[in-house]
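Reader: I have a chain in front of me and I want to learn to read it. Can we go through it by short questions and answers?

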Amino acid sequence: MKFNTSTEMFRMISRSILAVAVLLTIAASAPAADFDRDGKADFAVFRPSTSTWLSGSSKGDNAEFQWGRGTDVLVPADYDNDGRTDFAVWRPENGVWYIHQSADDSVLLVRWGMAATRTTAFVPVPADYDNDGETDLGLWNSETGEWCIARSSNGYDQNNAIKFRWGKTGDVPVQADYDGDRIADFAVFRPSENRWYIRESSTGKTSIKTFGLAGLDTLVPADYTGDKKADIAVYRSGVWFVLDSSTGETDQFTFGFNDDVAVPADYDGDGVTDFGVYRGGTWYVSDSSRPRLRTFNFGQAADVPVNSGVVRSSVVAVS
């Protein structure tokens, strides 16, 4: 385990303010940004004012790419199985996915989801649901609890899409690979109960865990222990709580402040998710490979950190 980085060093860093509302512009559980295929998460942001993606790679190279609109939902992931994150957005106005595939610079457009003007409220939940190495187009119907998955393995054939009811109105989708079979599991957090409901794809069994406090926490499931299974985890006002999938014990780690945005990802390439927070253009990362704090200035206060994609609010916003 890696919960031994000096808290005092982190606490000495000056605070600045960043609105947590930026989390709403990124799909739940989107993979960490690795645009250069070096196995390490990049420091990357999306600038809504110019619809520009900016990345600062672990190699020291910076890049910019204009893709999407400021009102789109960001759904970056590896859709073409080349090991690099593709620039991608889902547009609520028309239900279309706009994906720039890095393998050949081609553009993939798929209408998957109803326009926002209709009654059904879809939440994009992209992930690999069929273990082919490519991200599938996923939507969760927040009114019915139905998951609708257009799989890459059959060319996103909507007539053969996976449809499975899991969850209900008021739940928060938290799909991830909790059982280590390399397939994303259908999962929701139920704020009214503070419970996680996970359907394990390997066995079809249901796992129910009470963990976290709705309204106080943000949900940050990821593999923090290196066992290839996503751990149930929450971030609460500068403190991380992780339910170790191997031991069943709860680990606690102080890293961040109340107004920071959690940006957990594997920044050092060791296969373990690192604790990270973003604060108005500055990134703070606690590496798991060795106890050290890293800071990196990249972005502006109004930017959306791409690696906040794994983060989800523990309550459903009421319009």
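Reader: Which residue in strand 19 does Trp240 stand opposite?

Author: A word first: this is a predicted model. Strand 18 covers residues 239-243, and it runs antiparallel to strand 19 with five bridges between them. Across that pairing, the residue opposite Trp240 is Phe253.

Reader: Which residues form the covered face of strand 19?

Author: Strand 19 spans residues 250-254 and has two faces. Thr250, Gln252 and Thr254 make up the uncovered one. The covered face holds Asp251 and Phe253.

Reader: Which residue takes a positive phi in the hairpin of strand 18 and strand 19?

Author: Six residues lie between the two strands of this hairpin. One residue there has a phi near 80 degrees, a positive value. That residue is Gly248.

Reader: Is Trp240 buried or exposed?

Author: Buried means under 20% relative accessible area. Trp240 has a relative accessibility of 0%. Trp240 therefore counts as buried.

Reader: How many aromatic pairs are there by the ring rule?

Author: Rings of Phe, Tyr and Trp pair if their centres lie within 6.5 Å. By that rule, the count is 22.

Reader: Why is the pair of Phe164 and Trp166 called stacked?

Author: Planes under 30 degrees apart count as stacked. The ring centres of Phe164 and Trp166 are 6.2 Å apart. Their planes meet at 25 degrees, so the pair is stacked.

Reader: Is Trp166 buried or exposed?

Author: Its partner Phe164 has 26% relative accessibility and counts as partly exposed. Trp166 has a relative accessible area of 14%. Trp166 is therefore buried.

Reader: What kind of aromatic pair do Tyr224 and Trp240 form?

Author: The two ring centres lie 6.3 Å apart. The angle between the planes is 65 degrees, and planes over 60 degrees apart count as edge-to-face. The pair of Tyr224 and Trp240 is edge-to-face.

Reader: How many residues apart are Tyr224 and Trp240?

Author: Tyr224 is in the loop between strand 16 (218-219) and strand 17 (232-236). Trp240 is in strand 18. The pair links distant parts of the chain, 16 residues apart.

Reader: Which residues do ring pairs link into a cluster?

Author: Look for Phe and Trp side chains here. Ring pairs join six names into one cluster: Phe35, Phe46, Trp53, Phe65, Trp67 and Phe87.

Reader: Which strands are the edge strands in the sheet with the order 3-2-1-24?

Author: This open sheet has four strands, and the pairing is antiparallel. An edge strand here pairs on one side only. The edge strands are strand 3 (62-66) and strand 24 (304-305).

Reader: What is the bridge partner of Thr52 in strand 3?

Author: Strand 2 covers residues 52-56 and pairs with strand 3 over five bridges. The sense is antiparallel. The partner of Thr52 is Gln66.

Reader: In the sheet with the order 4-5-6-7, which strands are the edge strands?

Author: Four strands form this open sheet, with antiparallel pairing. Each edge strand pairs on one side only. They are strand 4 (73-74) and strand 7 (106-111).

Reader: What is the bridge partner of Leu74 in strand 5?

Author: Strand 4 runs antiparallel to strand 5 (residues 87-91). Two bridges join them. The partner of Leu74 is Val89.

Reader: Over which ring does the charged end of Arg91 sit?

Author: The distance from the ring centre is 4.2 Å. Another case is Arg190, which lies over the face of Tyr197 at 4.4 Å. For Arg91, the ring is that of Tyr98.

Reader: How many salt bridges are there?

Author: A salt bridge needs a Lys or Arg side-chain nitrogen within 4 Å of a carboxyl oxygen of Asp or Glu. Arg84 and Asp82 form one, at 3.2 Å, N to O. Arg195 and Glu193 form one too, with the closest N and O atoms 3.9 Å apart. The count by this rule is nine.

Reader: How many residues apart in sequence are the parts that Asp260 and Arg279 tie together?

Author: These two form a salt bridge, with the closest N and O atoms 2.7 Å apart. Asp260 lies in the loop between strand 19 and strand 20 (261-262), while Arg279 lies in strand 21 (residues 275-279). Asp260 and Arg279 are both buried. The parts they tie together are 19 residues apart in sequence.

Note on methods: Residues are numbered from 1 along each chain as its sequence is written. This is a predicted model: local features need pLDDT of at least 70, side-chain atom pairs count only at pLDDT 80 or more; totals for chains, interfaces and linings use all residues. Side-chain values use heavy atoms; hydrogens and water are left out. Buried means under 20% relative accessible area, exposed over 50%, partly exposed in between (1.4 Å probe, protein chains only). Two strands pair if DSSP finds at least two bridges between them. A charge sits over a ring if NZ of Lys or CZ of Arg is within 6 Å of the ring centre and within 35 degrees of the ring normal.
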